[in-house]
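Trainee: Please take a close look at one part of this predicted model, the packing of its helix pairs.

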Amino acid sequence: MAALNHGPLKLTGCWGKTAERKQGTVVIELENVGYNYGGGELLSDVSVKLAPGSFHFLTGPSGAGKTTLLKLCYGALTPTSGRVRAFNMDVQGLDRDQMAHLRRRVGVVHQDCRFLDHLPVIENIALPLIVAGKDLAQEEANLRELLNWVGLSQRADALPPELSGGERQRAALARSVILSPDVIIADEPTGNVDWEMSQRLLQLLVELNRMGKTILVATHDMALIRAAKKQVQARVLRISAKQLIQAGADL
Amino acid sequence: MSEGRLRKLIVGDAQADRVVPPSGFTAQLTLFVSGAMAFLAVFALALSLASGRLANRWADELARAATLRINAPAEQRLAQTEAALTLLRQTPGVASARAFTAEEQAELLAPWFGAALPIDSLPVPQLIEVIEGDPGYDGTGLRLRLQAEVPGAVLDDHTRWRAPLVDAARALRRLGAVSILLIAGATAAMITLAANAALAANAQVIEVLRLVGALDSYIAHAFVRRFTLRALGGAAAGVGLGMIGVWLMPAASNEGGFLTGLGFQGWAWLLPLLIPPLGALVAFAATTRAANKRLGDLT
Ligand SMILES: Nc1ncnc2c1ncn2[C@@H]1O[C@H](COP(=O)(O)OP(=O)(O)O)[C@@H](O)[C@H]1O
Ligand SMILES: [Mg+2]
């Protein structure tokens with residue numbers, strides 16, 4: 001697989017750093033969370049803890065509420081009942097500025113990537129740095145290394161609409177890790193790509209997990225989960241009848 | 001506003017400027033509106049200042065001076081003039097009273113009858129200049145006494161026509177000031193509309209910026225800076241053109257009266273220079289308000 005031949009990853013970039021793990025702390029925790037868009041309850045009494053450095057898959061049929069659950073985790077939605085805690089803070093209690101700071105600590109790969117189409121790939125990847133007021137000149141080496149890691153060095157100056165599905169997903173992944181967050185949440189990162197590309201994206205996520213990052217991936221792709229289980233210790237959570245259940249034995 | 005933020009507002013941040021794409025028509029609308037409004041503001045200011053000057057001058061000159069005319073047969077004229085002067089000097093509120101000399105009277109009539117006028121042989125009434133003190137005299141009382149003691153005297157104190165003129169000039173000054181306020185309000189409203197249009201056109205961009213951890217203040221700043229600078233530039237151009245327009249008005253002259261007096265005098269030429277910074281301030285406030293309101297509505 002030529003696409004994977006970009007050499008062993010050296011952890012020099014500061015985006016690869018992970019805050020020291022404190023034993024017993026929980027990165028993200030949902031406690032008896034319920035959610036309702038207005039037309040009846042979608043999630044009910046969901047509880048889950050993501051320990052630092054853990055790798056979780058979230059699965060379930062389309063429309064089960066995977067995206068909704070992820071949004072609850074990173075504070076884009078407020079639960080209708082129960083509590084969400086991130087880094088030991090009550091997400092519901094955060095004001096708008098605190099919420100922005102939380103988003104810098106949680107890298108998110110959105111289902112539809114969400115780029116600024118008027119900016120080239122490299123600036124889209126650097127966007128979290130830009131809005132955080134970081135000096136891009138100082139981050140240039142990091143940025144180049146990250147681009148190289150996701151295999152987009154040649155596409156740095158392309159505009160997002162010119163990218164293929166796989167390139168978009170890798171760019172979105174690069175953007176999610178640029179501020180070296182402790183957690184990475186990816187929503188169907190392999191939804192629009194072929195098998196080879198999905199293996200490559202999985203590889204990147206596994207590498208990030210080995211750097212110590214907590215990973216939560218929503219997917220309905222069972223083959224992907226099976227492939228992952230050969231490489232990392234991944235737990236599988238399934239949304240079924242509004243509840244979150246531990247899966248695993250059946251895979 | 002902290003010094004750092006003010007500096008960023010002026011110097012800007014090239015990187016931050018790039019994240020929000022420029023939206024063509026709102027930029028042009030802001031430039032045009034602030035330019036046109038600044039142009040109008042220059043004229044409103046000139047009108048206000050000129051009518052203020054006029055009101056003061058009329059009130060001052062006309063209110064203080066009155067004329068007493070002695071219409072009497074030649075043989076009684078001198079006696080009546082003396083009587084009137086005595087009466088006037090005893091009247092409270094009259095600062096001074098002085099009879100015009102024959103030369104002065106001839107000078108006054110020269111424009112109509114020529115310089116070689118044999119004034120002594122004409123039944124020209126004797127004129128007495130009355131300068132009013134502060135507080136002034138009681139016009140009705142003075143007239144009654146003159147009627148009794150100097151039957152040929154007619155007091156012309158201009159009040160019948162002077163008061164409404166001064167009032168009109170003062171009203172004109174107020175209208176000028178109200179116009180400036182209306183112009184500021186209309187500018188704020190138009191820039192708010194333009195800012196809202198730009199914010200709406202960039203809703204997706206704003207959402208992405210929020211998703212990657214941008215603070216509201218960062219997003220608002222990108223818009224506020226742009227609109228403030230556009231308003232400043234537009235207003236500067238408008239003021240420049242307006243000042244040229246005022247400057248090209250014919251110079252003030254005694255004959256021209258009000259119209260040629262429309263302009264700035266001395267240090268007042270500096271006043272229009274305040275319009276661009278004030279316009280920028282209006283744009284800053286309007287855009288900040290619009291951006292904060294819209295961002296507050298987002299999750
Ligand atoms: N903003 C929304 N308003 C109302 N209903 C929504 C909204 N977003 C999602 N839903 C509904 O909630 C359900 C779960 O959606 P989602 O969390 O996207 O599921 P999944 O990611 O598992 O496919 C779907 O029926 C969807 O139509
Ligand atoms: Mg989904």
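Mentor: What follows takes the pairs one at a time, with the terms explained as they come up.

Residues are numbered from 1 along each chain as its sequence is written, and chains are lettered from A and ligands numbered from 1 in the order in which they are written. The model is predicted, so local features need pLDDT of at least 70 and side-chain atom pairs count only at pLDDT 80 or more, while totals for chains, interfaces and linings use all residues; side-chain values use heavy atoms, with hydrogens and water left out.

Two packed helices are described by the angle between their axes and the distance between the axes.

In chain B, helix H4 (residues 74-90) and helix H6 (residues 139-149) have axes that come within 11 Å and cross at roughly 150°. H4(B) is therefore roughly antiparallel to H6(B) (under 35 degrees is roughly parallel, over 145 roughly antiparallel, 65 to 115 roughly perpendicular, the rest oblique). Helices here are DSSP runs of H or I, at least four residues long, numbered from the N terminus; axes are lines fitted to C-alpha atoms over the stretch in contact, with angles from 0 to 180 degrees between N-to-C directions. H4(B) and H6(B) cross right-handed (the near helix is turned clockwise from the far one by less than a right angle). From H4(B), B:Leu87, B:Leu88 and B:Gln90 meet B:Leu142, B:Arg145, B:Leu146 and B:Glu149 of H6(B), contact meaning heavy atoms within 4.5 Å. By class, this contact of H4(B) with H6(B) holds four nonpolar, one polar and two charged residues (Ala, Val, Leu, Ile, Met, Phe, Trp, Tyr, Cys and Pro are nonpolar, Asp, Glu, Lys and Arg charged, the others, Gly among them, polar).

Also in chain B, the axes of helix H8 (residues 203-211) and helix H9 (residues 216-247) come within 10 Å and cross at roughly 145°. The crossing of H8(B) and H9(B) is right-handed. B:Ile206, B:Leu209 and B:Arg210 of H8(B) make the contact with B:Asp216, B:Ile219 and B:Phe223 of H9(B). Four nonpolar and two charged residues take part in the contact of H8(B) with H9(B), and no polar ones.

In chain A, helix H6 (residues 195-210) and helix H7 (residues 222-229) pack at about 45°, their axes 11 Å apart. H6(A) and H7(A) are therefore oblique to each other, and their crossing is right-handed. A:Trp195, A:Ser198, A:Gln199 and A:Leu202 of H6(A) meet A:Ala223, A:Leu224, A:Ala227 and A:Ala228 of H7(A). The contact of H6(A) with H7(A) has six nonpolar, two polar and no charged residues.

Terms used:
Helix = DSSP H or I, 4+ residues; strand = E, 2+ residues; numbered from the N terminus.
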